[in-house]
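Hi,

Here is the model I promised to pass on. My notes follow below it; have a look at the structure and then read on.

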Amino acid sequence: MDTRSFALAVTLCAAMFGTCRPAGACTGITLKSAGDTTIVARTIEWGGSYLNSQYVIVPRGYAQQSMTPDGAGGMKFVSRYGYVGLSVEQKDFVAEGLNEEGLSAGLFYFPGYGKYADYDSARKEHSVTDLQLLSWLLGQCATIDDVKAAIDTVTVIGIDPRASTVHWRFAEPSGRQAVLEFIGGQPRFYDNPLGVLTNSPGFEWQLTNLNNYVNLFPGSAPDRSMGGVGLSAFGAGSGALGLPGDVTPPSRFVRAAFYQTTAPTQPDARSTVLQCFQILNNFDIPVGVEFPLGQVPSDIPSATQWTSATDMCHRILYFRTMYDSTIRCIDLNTVDFASVSYRAVPLDPDRRQKIETVKLD
């Protein structure tokens, strides 16, 4: 990467993930079909500016190099496996991806709680930046165990000290999931049988916090009496009274867990993918929520810039965007990763929602 491109990347990193800017409010869920196909899905939010998101097709044998804080260039790596990813700002910054072995990986904003190792130029050849970690791991690993082994061989660093940290979700076709966080410079992996992930605080705290909502249940609360006064629900869904409705990460975690675990099981993978998108409609964040009234800095239609769903078993990555609510997909089975050329293509060449006029007879 040349000096100009590196400087731009550092600026974008600080702007996207700096602690003084609006938070990226990612929400991840997991559903299983009746045939036991696991689908992982997520949103990605950023209300400060357009993320310039692209889909990238990365062939086997594709060579990359990590950025470093001093611009000298870090670890060089070559993809063993081909993969498809959704990137933000830079084509190298893959935020969600799926490789040909069925390993799914996603990056989630994690401000205030993580800490990477300090950058040591003497270890630059073994250092990889957080925003390029998925590009490396998707190209190298087939399983979560591979990911764990690979992490032990490198130093994960940040590009800019003004930027916040991130954490990651990894999932296999079997349904096994893990969360990776860096605490005090050290990697920590957590099993994630629930399959939900948002942002800060840490994953273990989010699971503990679920105990505050032990009273939630699907359906309606039964009629009861209080001091001789008869009480009955105003409408359906009163079992969810107390479910937090704000957009903070702990509240979204609880809400995602409740919606996910109360969702009816769908008969097949396609129906499950569609149900994931329906559930994640509840996590779309209006762009004005993150800023004081009248101070929205960017002319974009939503803080939720795109939503994706990944079918690891059938090797298909689905997505839709704030500019096009049509669900699109990339079927990895149609890609010859031995011969395909690398490409990075904007998710929305035409940044305008299509509206179809109903033709009347």
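**Strand 6 and its surroundings**

Both faces of strand 6 are covered: Tyr83, Gly85 and Ser87 on one side are buried, and so are Val84 and Leu86 on the other. In total, five of the five residues of this strand (83-87) are buried. Buried here means under 20% relative accessible area, exposed means over 50%, and partly exposed is what lies in between (1.4 Å probe, protein chains only). Strands (E, at least two residues) and helices (H or I, at least four) are DSSP runs, numbered from the N terminus.

Before you go further: this is a predicted model, where local features need pLDDT of at least 70 and side-chain atom pairs count only at pLDDT 80 or more, while totals for chains, interfaces and linings use all residues. Residues are numbered from 1 along each chain as its sequence is written, and side-chain values use heavy atoms, with hydrogens and water left out.

Strand 6 has a partner on either hand. With strand 3 (residues 54-58) the pairing is antiparallel over five bridges, and Val58 has Tyr83 as its bridge partner. Five bridges also join strand 6 to strand 7 (residues 94-99), again antiparallel, with Tyr83 opposite Asn99. For pairing, DSSP has to find at least two bridges between two strands. Six residues sit between the strands in the hairpin of strands 6 and 7, where Glu89 takes a positive phi near 65°.

**The sheet as a whole**

These strands belong to an open sheet of eight, ordered 13-12-11-8-7-6-3-19 with antiparallel pairing. Its edges are strand 13 (186-191) and strand 19 (343-346), each pairing on one side only. Neighbouring strands are turned by 20° against each other on average, direction ignored; axes are lines fitted to C-alpha atoms, for helices over the stretch in contact, and angles run from 0 to 180 degrees between N-to-C directions. At the strand 19 edge, four bridges hold the antiparallel pairing with strand 3, and Ile57 has Arg343 as its bridge partner.

Helix 2 (residues 133-140) packs on the sheet, touching strands 6, 7, 8 (104-110), 11 (165-171) and 12 (177-183), and its direction makes about 5° with that of strand 7. Contact means heavy atoms within 4.5 Å. Helix 3 (residues 144-151) lies across strands 11, 12 and 13, running at about 165° to strand 13.

**Salt bridges**

How many salt bridges does the structure hold? There are eleven, each defined as a side-chain nitrogen of Lys or Arg within 4 Å of a carboxyl oxygen of Asp or Glu. Among them:

- Lys91 and Asp92 meet at 3.8 Å, N to O; Asp92 is buried at 11%, whereas Lys91 is partly exposed at 33%.
- Arg176 and Glu172 meet at 3.6 Å, N to O; Arg176 is partly exposed at 29% and Glu172 buried at 11%.
- Arg328 and Asp348 meet at 3.4 Å, N to O. Arg328 lies in strand 18 (residues 328-331) and Asp348 in the segment after strand 19, so this pair ties together parts that are 20 residues apart in sequence. Arg328 is partly exposed at 22%; Asp348 is buried at 7%.

Salt bridges with shared partners also join Arg42, Glu96 and Arg169 into one network.

Cheers
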